[in-house]
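Biologist: I am new to this structure. Could you take me through some of its helices and charged residues?
Modeller: Certainly; here it is.

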Amino acid sequence: MRLLVLGGTHFLGRHVTTAALDRGHEVATFTRGVSGDPPAGARALHGDRDDPAALPAALDGWTPDLVVDTSCQTRAAARNAAAVLSGVRGYAFVSSLNAYANWPPGPLGPEDGEPTWQSDDDEYGPVKAFAERAIGAALPGRFLTARAGLIVGPDDRVDRLGWWLRRIARGGRVVVPAEGWDQPIAAVDVRDLAGWLVEMAERGVPGAVNATGPVGMATLGGLLELCREVTGGDAEWVPVPDADLLSAGVEPWLHLPLWLRAEMARTAWDVDTARARELGLPSRPLARTVADTWAWLRGVEELPPPPHGLPRPGLPADLEATLLAAR
């Protein structure tokens with residue numbers, strides 16, 4: 001069939017495009033044309049999703065049967081997609097757990113109903129919630145919203161797992177969160193999510209799904225041990241209590257990627273993925289994802305900036321030195 005990827009040139013969109021091509025579809029990507037070319041074999045369409053005339057002009061009579069939407073960042077983009085693509089057989093939309101206004105705390109399952117953000121905020125969560133409602137209303141019974149959690153794997157420009165891999169590979173004394181060492185985490189490999197999204201669009205599966213890894217699939221400490229094993233580094237863990245990290249100005253999630261304050265971590269990772277498992281979302285071993293991400297990183301000279309204006313993650317060198325000097 002004809003499958004349109006909204007996005008398609010980096011990370012999840014790129015893996016979706018590859019998965020769709022591998023499944024024999026005729027694939028087109030729609031992007032602004034500033035992030036490089038899509039995988040070979042895909043038709044590259046260009047335009048600004050916020051412009052209501054751009055997508056019809058780019059399609060120019062090429063009518064898709066299926067859509068996987070990885071790039072909706074504004075309300076205008078959602079409205080325009082709903083107006084132009086309401087006739088497709090299946091539409092898989094990549095939303096976010098941030099679409100839940102009451103998350104965290106958890107646990108959260110897709111049965112918790114419609115996302116509750118109703119404001120006109122341009123924050124990430126409210127925009128995703130609006131897009132779910134706007135596009136879903138235009139495609140009754142054919143619209144899947146995949147509320148994604150942490151996505152990891154090769155080609156990840158957001159670079160949370162990548163930062164830990166590079167820092168641990170350098171070796172020496174490495175600051176780690178003391179209480180956060182046993183913090184449960186859950187992640188989905190980008191390749192698992194991409195292939196599954198294409199299949200969901202093919203089948204026209206409707207409804208909401210929390211699309212991440214199973215609860216308790218790993219701990220933060222277990223992930224860091226995998227990073228040390230994969231990189232072969234001689235990193236020495238230096239556990240620092242949460243209170244000391246916070247008083248020193250360490251920002252959870254940003255400076256020590258994936259670490260959250262204990263009161264938030266208790267529920268933030270408690271996300272019901274039963275429907276995702278029923279619908280066949282796979283979860284490859286985390287060790288394989290870590291190894292493949294490290295193999296990709298070793299072939300990258302310099303990462304481009306994170307997408308959508310996100311800050312680069314990682315502990316600043318001066319902050320790391322201050323924390324280590326006290327121990």
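Biologist: Which helix does Asp242 lie in?
Modeller: Asp242 belongs to helix H8, residues 242–247. Helices (H or I, at least four residues) and strands (E, at least two) are DSSP runs, numbered from the N terminus. Please note that this is a predicted model, in which local features need pLDDT of at least 70 and side-chain atom pairs count only at pLDDT 80 or more, while totals for chains, interfaces and linings use all residues. Residues are numbered from 1 along each chain as its sequence is written, and side-chain values use heavy atoms, with hydrogens and water left out.

Biologist: Is Asp242 buried or exposed?
Modeller: Asp242 is buried, yet has no salt bridge. Buried means under 20% relative accessible area, exposed over 50%, and partly exposed in between (1.4 Å probe, protein chains only). A salt bridge is a side-chain nitrogen of Lys or Arg within 4 Å of a carboxyl oxygen of Asp or Glu.

Biologist: What is the nearest side chain of opposite charge, and how far away is it?
Modeller: That is Arg261, 7.8 Å from Asp242. For charge, Lys and Arg count as positive and Asp and Glu as negative; His and the chain ends are not counted.

Biologist: What is Asp242 in contact with, leaving aside neighbours within four places in sequence?
Modeller: Its partners are Pro177, Glu179, Gly180, Trp259, Arg261 and Ala262. Contact means heavy atoms within 4.5 Å.

Biologist: How many salt bridges are there by this rule?
Modeller: The count comes to 16. One of them joins the side chains of Arg284 and Asp189, at 3.8 Å from N to O. Arg284 is in the loop between helix H10 (274–278) and H11, and Asp189 is in strand E10 (residues 187–189), so this pair ties together parts 95 residues apart in sequence. Asp189 is buried, at a relative accessible area of 4%.

Biologist: Which residues are linked with Asp189 in a network?
Modeller: Salt bridges link Asp189, Arg191, Asp192, Arg284 and Asp292 in a network.

Biologist: Back to H8: which residue forms a salt bridge with Asp244?
Modeller: Arg327 does, with the closest N and O atoms 2.7 Å apart. This pair links distant parts of the chain, since Asp244 is in helix H8 and Arg327 in the segment after helix H12 (317–325), 83 residues apart. Asp244 is partly exposed at 33% relative accessibility, and Arg327 is also partly exposed, at 35%.

Biologist: And where does Arg228 lie?
Modeller: Arg228 is in helix H7, residues 220–231. Its salt bridge with Glu225 has its closest N and O atoms 2.8 Å apart. Both residues lie in H7, three residues apart, about one turn of the helix. Arg228 is partly exposed at 23%, as is Glu225 at 32%.

Biologist: What else does Arg228 touch, not counting residues up to four places away in sequence?
Modeller: Arg228 touches Ile168, Gly233, Ala235 and Trp237.

Biologist: New topic. At what angle do the axes of H5 and H11 cross?
Modeller: The axes of helix H5 (residues 160–170) and helix H11 (residues 286–298) cross at roughly 75° and come within 10 Å. H5 is therefore roughly perpendicular to H11. Angles under 35 degrees count as roughly parallel, over 145 as roughly antiparallel, 65 to 115 as roughly perpendicular and the rest as oblique.

Biologist: Which residues make the contact?
Modeller: From H5 they are Leu161, Gly162, Leu165, Arg166 and Ala169, and from H11 Val290, Thr293, Trp294 and Leu297.

How values were computed. Axes are lines fitted to C-alpha atoms, for helices over the stretch in contact, and angles run from 0 to 180 degrees between N-to-C directions.
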